[in-house]
Amino acid sequence: MTTAWELPKMITEQKLVELLHQMWVIRFFDEKVDEFFAKGLIHGTTHLCVGQEATAAGAIAVLQPTDKITSTHRGHGHCIAKGADVNKMMAELFGRETGYCKGKGGSMHIADVEKGNLGANGIVGGGIPIAVGAALTSQMKKLGYVTISFFGDGASNEGSFHESLNMASIWKLPVIFFCENNQYGMSGPVTEMVNIENIADRSKAYGIPGVVVDGNDLLAVMNAVAEAAERARRGEGPTLIEAKTYRYKGHSKSDAKKYRTRDEELDWRKNRDCIKRLQEILIEKGLLTQEQAKEIEQQAKKEIEEAVVFAEKSPMPSLDTLEEDVYA
Ligand SMILES: Cc1ncc(C[n+]2csc(CCOP(=O)(O)OP(=O)(O)O)c2C)c(N)n1
Ligand SMILES: [Mg+2]
């Protein structure tokens, strides 16, 4: 497995070290969530992005702070990469008053508009037209920002995906369609759900560039997104990027994963893990020692343990706020 070593021009070597830390934060966050779900201390449902950290971290690293994203039901990584406070995220999952939605929204309703995160979305493909709307605003008001829409391989079969690509293409909107192809939509393998080799090939139908990238190679993701963002800022319109990756965990909390083998999972974990690959290349290039890499991992773990303490210590929403911030 080769790992790219070509830095996009705005990315320093120091930033790569920070991204290694960020990817650990994402991984430990979702592993903790998994643990607390199993213990029955987090309710509702959640979708974990363990294994997919490089797509969120890489794509968002090359954006400007004023750029925007729309996320998915599997969105904790996007949220963290766009600068969310992990304490507030964990508190939200624990249903606490200090959470992003005051404990009433949970995993699939976290947004952080000030940071440019227009929100997770429980509707598969639901974030894609929202991103197109945000891009249209940017174009009409000459605001100069770019929007990335994250979505899955399954979502690329939704009508909203096709309508969004067409509209963004004819109006040359500053948007990047970023498909996280993690090989499955629930229990459906992408090879059985899509009758073409690459989802990126769907770009041809809309007259926009389509790029396939190794989604477990942080630098490859960064370079593809940096180029798409430049194109969008030049007013040349959207790009469809397909990042091939893998989710290590089940679709959501109750998934026995009968549709795939443990050998397949092990192969991705052992041979293509995005964190391991970044760490190895940083050590190889002399930017980190083994000890420093270990410290970065431990620091990230500590931050997530602190987020759990913050969440556990936070109060539950009081009964008299039951009807606040809800529609009905
Ligand atoms: C419109 C809609 N249809 C179906 C569902 C049920 N559902 C939730 S996640 C999911 C699979 C999505 O697969 P993909 O887009 O590949 O994302 P992944 O879960 O793999 O990240 C489905 C069918 C939904 N939430 N919304
Ligand atoms: Mg998928």
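## Classes and the largest pocket

For sorting residues by class, Ala, Val, Leu, Ile, Met, Phe, Trp, Tyr, Cys and Pro count as nonpolar, Asp, Glu, Lys and Arg as charged, and the others, Gly among them, as polar. With that in hand, let's look at this predicted model. The lining of its largest pocket splits into 6 nonpolar, 12 polar and 3 charged residues.

That pocket holds about 350 Å³ of space. It has 21 lining residues, and those closest to its centre are His 73, Val 124, Gly 154, Gly 185 and Met 186. Two strands chip in with at least two lining residues each: E2, covering 147–152, and E4, covering 184–185.

## The second largest pocket

Next comes a pocket of about 230 Å³. One part of its lining comes from Tyr 100, Cys 101, Lys 102, Lys 104, Gly 105, His 109 and Ala 111, and further along the numbering Asp 325, Val 326 and Tyr 327 join in. Sorted by class, the lining of this second largest pocket has 5 nonpolar, 2 polar and 3 charged residues.

## The magnesium site

The magnesium ion (ligand 2) is held by three residues: Asp 153 through OD, Asn 182 through OD1 and Tyr 184 through O, at 2.1 to 2.2 Å. Read along the chain, the donors follow the spacing D-x28-N-x1-Y. Asp 153 and Asn 182 link distant parts of the chain, being 29 residues apart. Asp 153 sits in the loop between E2 and helix H6 (159–170), while Asn 182 sits in the loop between strand E3 (175–181) and E4.

Are Asp 153 and Asn 182 buried or exposed? Both of them are buried.

## Enclosed cavities

Besides the open pockets, the model has 2 cavities of 30 Å³ or more. The largest cavity comes in at about 60 Å³. It is lined by 14 residues, with Thr 72, Ile 123, Val 124, Gly 125 and Gly 126 closest to the centre. Helix H5 (127–140) and strand E2 each give at least two residues to this lining, and E2 has the largest share, with 3 residues. By class, the lining of the largest cavity has 6 nonpolar residues, 8 polar ones and no charged ones.

The second largest cavity has a volume of about 40 Å³. Around it you'll find Ser 71, Gly 75, His 76, Cys 79, Ser 107, Ile 110, Asn 117 and Ala 120. That lining divides into 3 nonpolar and 5 polar residues, again with no charged ones.

Some names turn up in both kinds of space. Val 124 is among the residues closest to the centre of the largest pocket, and Val 124 also belongs to the group closest to the centre of the largest cavity. Strand E2 likewise contributes to the lining of the largest pocket and to that of the largest cavity.

## A residue in strand E2

Ile 148 is found in strand E2. Ile 148 counts as buried because its relative accessibility is 0%, and the cut-off for buried is under 20%. Its C-alpha atom is separated by 20 Å from that of Ala 205, a residue 57 positions away along the chain.

## Helix H8

How does the end-to-end span of helix H8 agree with its 16 residues? The helix runs over residues 218–233, so at 1.5 Å a residue it should span 22 Å, and its end C-alpha atoms are indeed 22 Å apart.

H8 is mostly covered, with 12 of its 16 residues buried. Leu 218, Leu 219, Ala 220, Val 221 and Met 222 are buried, and so are Ala 224, Val 225, Ala 226, Ala 228, Ala 229, Arg 231 and Ala 232. After the helix comes Gly 235, which has a positive phi near 85°.

## Cysteines

How many disulfides does the structure hold? The count is 0. Cys 179 is in no disulfide, and the nearest cysteine sulfur to it, that of Cys 49, lies 15 Å away. Since the relative accessible area of Cys 179 is 0%, this residue is buried.

Cys 274 is in no disulfide either; its nearest cysteine sulfur is that of Cys 49, 9.2 Å away. A pair would need its sulfur atoms within 2.5 Å to count as a disulfide. Cys 274 is buried too, with a relative accessible area of 1%.

Terms used
Residues are numbered from 1 along each chain as its sequence is written. Chains are lettered from A and ligands numbered from 1 in the order in which they are written. This is a predicted model: local features need pLDDT of at least 70, side-chain atom pairs count only at pLDDT 80 or more; totals for chains, interfaces and linings use all residues. Side-chain values use heavy atoms; hydrogens and water are left out. Buried means under 20% relative accessible area, exposed over 50%, partly exposed in between (1.4 Å probe, protein chains only). On a 1 Å grid over the protein atoms alone, a cavity is a set of points where a 1.4 Å probe fits but cannot get out, and a pocket is an open set with protein on both sides within 12 Å along at least five of seven lines; lining residues have an atom within 4 Å of a point. Grid points are joined across faces, edges and corners, and a volume is the space filled by probe spheres set on the points. Helices (H or I, at least four residues) and strands (E, at least two) are DSSP runs, numbered from the N terminus. The expected span of a helix is 1.5 Å times one less than its number of residues. Donors are N, O and S atoms within 2.8 Å of the metal (3.2 Å for Na, K and Ca); water is not among the atoms, so sites may look incomplete.
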